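Q: Please take a close look at the pairing of charged side chains here. I should like a connected account that sets each pair in its place along the chain and in its surroundings.

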Amino acid sequence: MTEKNTANTTGSAPGRLDLNSIFTVPAGVRHLDEAQLARLEASFRAWVEAARGAQARQARERMRLLFLLLRYTGARLGEATRLDDAGELDLDDASATLGTGAARRKVPLPHLLCRELAAFLDGPMATGLTGRIFDQDHGYVRRVLYARAEACGLPRELCSPRVLRASRAVELLRSGVPLAVVRDTLGQSSADLSAVYQAYSSEDARHIVRRLAPDDQPLRTSARNSFPCRVESVTRDGVLAEIALRSYSGMPLYSVITVESVRNLGLEPGVPVMATVKAPLVEVVQADGARGCARNTVGAVVTGVRATAVVAEITGEAADGARLCALISAGALEDAPLAPGDLVQFRFKAMAVVLGAL
């Protein structure tokens with residue numbers, strides 16, 4: 001039978017429809033759901049904690065890390081056991097290079113897994129194992145997976161490396177990751193990956209059509225000071241990084257965030273992000289005003305001015321339709337009056353730009 005995906009699009013903007021998150025897993029695709037994967041992870045952790053002696057604990061921890069690598073990369077068993085942790089594992093970049101030949105690819109790693117790997121590699125248990133942390137006999141790996149499955153009440157046939165691979169594919173698709181990205185992550189050569197992991201029932205189709213109804217459009221276009229962009233470059237120092245962005249309309253923007261945030265968001269050239277700025281951090285000047293120190297400047301037409309005795313809200317619209325908003329003091333508005341129809345520049349510093357994953 002098919003399994004209906006009832007997961008919400010966690011992290012999606014209100015009203016935003018992600019078609020990848022609405023699908024039914026085809027019959028015959030064995031996979032573990034999120035709760036089952038969590039039970040299996042807990043089973044491995046308990047197994048490690050129950051080890052008697054340093055040697056047994058080291059062996060079990062290596063197996064646990066191999067399981068986590070399979071679980072979070074969707075790698076084939078042979079790819080995972082061949083991984084050279086000294087040359088193909090980049091924890092600073094949060095990635096692992098897997099496969100050979102045409103299937104060789106860089107796969108992003110969750111930062112939780114990177115921390116687990118760093119703790120092992122920097123500790124005494126990794127002594128003498130450099131380059132072969134994941135080198136394990138395939139038969140032994142399968143036996144341990146079956147045993148851990150039975151220990152947490154899961155059918156052993158649902159805990160093979162192949163099932164873990166399918167589970168990661170379904171998990172990524174349900175999170176809204178584009179099909180092409182899932183295919184590249186898994187090193188899947190088949191162009192018909194959707195037929196393997198995704199199907200759309202008549203119920204799915206009705207839900208999709210309802211969500212795409214015209215009266216839903218305003219919900220997805222009302223955000224102010226929000227710019228969907230792609231990363232063009234990342235320049236780092238020891239603590240901070242400047243992210244050069246380009247909006248989908250071609251406008252250049254810049255953000256300065258911590259290096260840790262760069263890792264957490266997985267930022268690199270080509271990655272889509274949403275750049276947002278809080279209205280109090282935006283200034284407004286006449287289009288011919290003097291150039292200030294703000295890194296970002298967006299030309300716009302004033303669409304509204306609302307003022308109280310203390311604060312004034314200035315709204316505007318850029319040439320590409322982007323909606324902008326600035327909150328300034330009422331005194332500043334009196335010194336430089338603005339009215340609807342005026343040509344202005346909305347300016348904000350790079351450190352005021354917050355980035356979020358799309």
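**Salt bridges in the predicted model**

A: In this predicted model, Lys106 and Asp93 form a salt bridge, with 3.5 Å between their closest N and O atoms. This pair joins distant parts of the chain, 13 residues apart: Lys106 belongs to strand E5 (residues 105-108), while Asp93 lies in the loop between strand E3 (89-90) and strand E4 (95-98). Lys106 is exposed, because its relative accessible area is 53% and the exposed class begins over 50%. Asp93 has 30% relative accessibility and therefore counts as partly exposed.

Arg64 offers a second setting. The side chains of Arg64 and Glu116 meet in a salt bridge, at 2.6 Å from N to O. Here too the pair links distant parts of the chain, with Arg64 in helix H2 and Glu116 in helix H4 (residues 111-121), 52 residues apart. Arg64 has a relative accessible area of 4%, so this residue is buried. Glu116, with a relative accessible area of 17%, is buried as well, since buried means under 20%.

Arg64 also forms a salt bridge with Glu61, whose closest N and O atoms are 2.8 Å apart. Arg64 and Glu61 are three residues apart in helix H2 (residues 54-73), so about one helical turn separates them. Both residues of this pair are buried.

Elsewhere, a network of salt bridges links Glu41, Arg71, Arg168 and Glu171. Over the whole structure, the search finds 16 salt bridges. Such pairing can arise because side chains of opposite charge can pair when their charged atoms come close.

Methods
Residues are numbered from 1 along each chain as its sequence is written. This is a predicted model: local features need pLDDT of at least 70, side-chain atom pairs count only at pLDDT 80 or more; totals for chains, interfaces and linings use all residues. Side-chain values use heavy atoms; hydrogens and water are left out. A salt bridge is a side-chain nitrogen of Lys or Arg within 4 Å of a carboxyl oxygen of Asp or Glu. Helices (H or I, at least four residues) and strands (E, at least two) are DSSP runs, numbered from the N terminus. Buried means under 20% relative accessible area, exposed over 50%, partly exposed in between (1.4 Å probe, protein chains only).
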